[in-house]
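Me: I'm new to this one and would like to know the reasons behind the labels. Can you take me through it step by step?

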Amino acid sequence: MFKSFFPNPKWFFSSLVLWFVFNVLLWNFAGGKEWGTLLGFAQGYADAELPIGVSRFWAPSFLWFYVWFFVATIIFALFWKWRSNNPWQAWSVWGSAFILFNIWFAVQVNVVVNAWYSPFYDLIQKMLSNGGGDVGLLYSGSMTFLYVAMVYVTIAVFNLFFVSHYVFRWRTAMNDYYTAHWEQLRHIEGASQRIQEDTMRFAKTTETLGVSFIQALMTLMAFLPVLFQLSVHVKSLPIVGEIPHALMWAAISWAVLGTVVLMLVGYKLPGLEFNNQRVEAAYRKELVYGEDHHERADPLTLKDLFSKVRLNYFRLYFHYAYFNMVRIWYMQLDNLYGLFVLFPSIAAGTITLGLMMQIGNVFSKVRESFQYLIESWPTIIELLSIYKRLKAFESVLDDK
């Protein structure tokens with residue numbers, strides 16, 4: 001699944017995490033973000049207030065980060081070019097780096113939009129309170145948002161196009177690996193389906209979950225400091241009362257509660273999904289044999305095999321019923337939770353409309369990041385079932 005596409009997967013992913021952490025520490029705590037002065041950027045550019053608009057993306061601090069990221073990627077790619085000769089390295093290393101950069105860029109767009117909330121909605125509140133104002137300011141504020149949105153949409157569409165090719169290259173690598181060992185694998189039940197269908201599903205689902213996880217991590221890194229700063233405006237929570245860093249505690253506790261509950265109610269589903277594919281494969285295989293051999297696929301055999309399919313589906317329906325009930329209820333309550341947390345501050349009149357919109361947006365971003373498992377749990381269940389099938393498939397090649 002992995003070694004066909006990535007060079008020495010175990011060490012590759014370990015080194016990737018270490019290289020990522022090293023660069024984060026170097027950038028944030030060793031003064032790396034200020035080293036751009038060596039390239040001619042003005043002194044103090046790293047701490048300069050960034051513009052709220054599309055021009056932020058070519059501010060000196062952003063330009064220096066682009067250079068940093070590109071150089072770090074070159075070093076990492078050259079190291080693995082030296083350590084491995086995997087034929088798919090151009091896609092697995094450079095392609096992964098490109099996707100990682102696009103995730104970071106999307107998070108930065110969200111940061112710009114969040115910064116835009118406060119002045120724009122404060123302007124609306126001021127005009128409503130003072131009997132009007134200059135309508136040109138409203139048009140100008142709206143265009144600022146549109147310019148940022150245009151950049152985001154363009155990058156997002158191009159990234160989707162690239163990711164489609166990335167996933168298909170991964171499927172191609174797995175397909176080539178399995179078909180090269182077809183003589184050993186052809187006798188396994190459902191072998192054709194696993195090569196034809198599961199390889200694509202595994203690559204696509206893994207990429208989707210991986211991107212979501214990295215995006216959640218980067219969103220936390222970008223928005224947690226903002227939420228920490230905004231917590232000075234919200235000192236009291238409903239029921240709990242006044243506590244330090246109220247917004248931080250409210251976001252983390254709610255997300256942890258939902259994650260634990262969803263994991264408890266959904267722990268049986270991966271095994272049932274895996275078993276579902278087994279009984280479906282057995283039923284399909286008998287039907288395929290029946291097309292060429294009249295002695296196969298007799299009514300009694302088909303009835304017995306289909307009864308196992310029906311039993312497993314009914315068990316799945318039952319377990320998904322209460323799982324979806326808990327999950328959907330949680331997500332519905334989550335829609336109100338961000339506003340609910342702000343009720344005491346709104347009632348006390350300690351925040352403006354713009355500040356309320358900005359806090360609500362930051363709070364939702366942080367909560368969504370912490371709720372990665374909640375949002376992704378059905379997809380994780382699907383991926384685990386695919387992984388189990390392909391792992392059983394590969395165990396033949398490992399003589400297990």
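**How the labels are earned**

Me: What makes K308 count as partly exposed?

Reply: The relative accessibility of K308 is 43%. Buried needs a value under 20% and exposed needs one over 50%, so K308, at 43%, falls in between and is called partly exposed. Keep in mind that this is a predicted model.

Me: Okay, and why is D304 called partly exposed as well?

Reply: It's the in-between range again: D304 has a relative accessible area of 40%. That is neither under 20% nor over 50%, so D304 counts as partly exposed.

Me: How do you know that D304 and K308 meet in a salt bridge?

Reply: Look at the distance between their side chains: N to O, it comes to 3.9 Å. The cut-off is within 4 Å, for a side-chain nitrogen of Lys or Arg and a carboxyl oxygen of Asp or Glu. So the pair of D304 and K308 passes, at 3.9 Å. By this rule the count comes to 1 salt bridge.

Me: What separates D304 and K308 along helix 9?

Reply: About one helical turn, because they are 4 residues apart in helix 9.

Me: Let's stay in that helix. Why is L302 called buried?

Reply: L302, which also has its place in helix 9, has a relative accessibility of 19%. The cut-off for buried is under 20%, so L302 makes it into that class.

Me: What does L302 touch, apart from its neighbours within four places in sequence?

Reply: Y283, E286, L287 and A297. M200 makes a useful distance check: L302 and M200 are 102 residues apart in sequence, and their C-alpha atoms are 29 Å apart in space.

Me: What makes S345 buried?

Reply: A relative accessibility of 4%. Set that against the limit of under 20%, and S345 counts as buried. You'll find S345 in helix 9, which covers residues 299-348. Setting aside neighbours within four places in sequence, S345 is in contact with H233, V234, S236, T350 and I351.

Me: How far is S345 from L237, in sequence and in space?

Reply: They are 108 residues apart in sequence, yet 8.3 Å apart in space, going from C-alpha to C-alpha.

Me: Why are helix 8 and helix 9 called roughly antiparallel?

Reply: Helix 8 (residues 269-292) packs with helix 9 at an angle of about 155°, and their axes are 9 Å apart. Angles over 145 degrees count as roughly antiparallel, so helix 8 and helix 9 get that name. Their crossing is left-handed. Sorted by class, the residues in the contact of helix 8 with helix 9 are 14 nonpolar, 5 polar and 5 charged.

Me: What about helix 7 and helix 10: at what angle do they pack?

Reply: About 35°, with axes 9 Å apart, for helix 7 (residues 246-265) and helix 10 (residues 353-370). Helix 7 passes helix 10 in a right-handed crossing. On the helix 7 side, the contact includes L247, W254 and T259, and on the helix 10 side the residues include I359, R367 and F370. The classes in this contact come to 10 nonpolar, 1 polar and 1 charged.

Me: Now for helix 3. What makes N102 buried?

Reply: N102 has a relative accessibility of 7%, and anything under 20% is buried, so N102 qualifies. N102 lies in helix 3 (residues 89-129). Not counting residues up to four places away in sequence, N102 touches I155 and N159.

Me: What makes the phi of N8 worth pointing out?

Reply: Most residues other than glycine have a negative phi. N8 is a residue other than glycine, but its phi is positive, near 45°. N8 sits in the segment before helix 1 (9-29). With a relative accessible area of 42%, N8 is partly exposed.

Me: How many helices and strands does the whole protein have?

Reply: 11 helices and 2 strands, in the order α-α-α-α-α-α-β-β-α-α-α-α-α along the sequence. The C-alpha trace spans about 85 × 55 × 40 Å along its principal axes. Of the 400 residues, 42% count as buried. Among contacts between residues at least 6 apart in sequence, 79% join residues at least 24 apart.

Conventions: Residues are numbered from 1 along each chain as its sequence is written. This is a predicted model: local features need pLDDT of at least 70, side-chain atom pairs count only at pLDDT 80 or more; totals for chains, interfaces and linings use all residues. Side-chain values use heavy atoms; hydrogens and water are left out. Buried means under 20% relative accessible area, exposed over 50%, partly exposed in between (1.4 Å probe, protein chains only). Contact means heavy atoms within 4.5 Å. Axes are lines fitted to C-alpha atoms, for helices over the stretch in contact, and angles run from 0 to 180 degrees between N-to-C directions. Angles under 35 degrees count as roughly parallel, over 145 as roughly antiparallel, 65 to 115 as roughly perpendicular and the rest as oblique. A crossing is left-handed if the near helix is turned anticlockwise from the far one by less than a right angle, and right-handed if clockwise. Ala, Val, Leu, Ile, Met, Phe, Trp, Tyr, Cys and Pro count as nonpolar, Asp, Glu, Lys and Arg as charged, and the others, Gly among them, as polar.
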